[in-house]
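User: I would like to go through this structure and ask how each label is earned. Please give the cut-offs as we go.

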Amino acid sequence: MVLMVARTRATELAWDPTVLQESWNLLALGGYGHSAYEHGAFIVRDASGQLHLRSWKFDREFLTAHYRGAIPSGVVAITHTHLNELPMPSDGDQWLARTTGVPVFVLTRMLITVTDGYSNRVVRSGDWRPVQSGNQVSGGCDTTAAK
Ligand SMILES: [Zn+2]
């Protein structure tokens, strides 16, 4: 039962419009899956219930990303970029999910995957680039207000 709740939440997180946009921005920093230097972030739910990414300081580490310091309050997940050739969570990512107790997402150009520490799964496949219309004003419509 606990696992089912966690799975539902992980899927919900992956489809949240703000998380998706900010994940895309993180992937852009990671060269859209072409950089071996990973970028990491916490997915944090703030006091108003809005989800945001809080990026880790970029350390230019090869095939890894680390966070040092206190974990901020409201963390619901961890996300980070991978090379497109390595879209699934690594053993280290599984360990991270087990020790922190939150799902760990992996962002690549055509996949978003997640691990709960025990199993890996694909939460989005295909082109997940957020749709942006040229005449759309960002911030004009808060689609998360009903949640
Ligand atoms: Zn990883």
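User: What share of the contacts with a separation of 6 or more comes from residues 24 or more positions apart?

Analyst: Residues 24 or more positions apart account for 61% of those contacts in the protein chain. Two residues are in contact if their C-beta atoms, placed from the backbone, lie within 7 Å. This is a predicted model, in which local features need pLDDT of at least 70, side-chain atom pairs count only at pLDDT 80 or more, and totals for chains, interfaces and linings use all residues. Residues are numbered from 1 along each chain as its sequence is written.

User: How many helices and strands does the protein chain have?

Analyst: There are 3 helices and 6 strands, and from the N terminus on they run α-α-β-β-β-α-β-β-β. Helices (H or I, at least four residues) and strands (E, at least two) are DSSP runs, numbered from the N terminus.

User: What makes strand 2 and strand 6 the edge strands?

Analyst: Two strands pair if DSSP finds at least two bridges between them. The 6 strands form an open sheet in the order 2-1-3-4-5-6, with mixed pairing. Strand 2 (51-55) and strand 6 (120-125) each pair on one side only, and they are the edge strands.

User: How many bridges join strand 5 to strand 6?

Analyst: Strand 5 (residues 111-115) and strand 6 run antiparallel and are joined by 5 bridges. The definition asks for at least two. In this pair, V114 stands opposite R121 in strand 6.

User: Which residues of helix 3 are buried?

Analyst: They are D93, L96 and A97. A residue is buried if 20 or more other C-beta atoms lie within 10 Å of its own, exposed if 12 or fewer, and partly exposed in between, with C-beta atoms placed from the backbone.

User: Why are these buried residues said to line one face of the helix?

Analyst: Seen down the axis of helix 3, they fall within an arc of 95°, so they line one face. The arc is that of the directions from the helix axis to the C-beta atoms. The buried residues pack against strand 3, strand 4 and strand 5. The face turned away from the buried side carries the exposed residues D91, G92 and T99.

User: Where does pLDDT stay under 50?

Analyst: It does so over residues 1-5, for which the model has 0 contacts beyond four places in sequence, and over residues 135-147, for which it has 5. pLDDT is the predictor's confidence in each residue, from 0 to 100. Where pLDDT is low, the predicted coordinates should not be read in detail. The mean pLDDT of the protein chain is 82.
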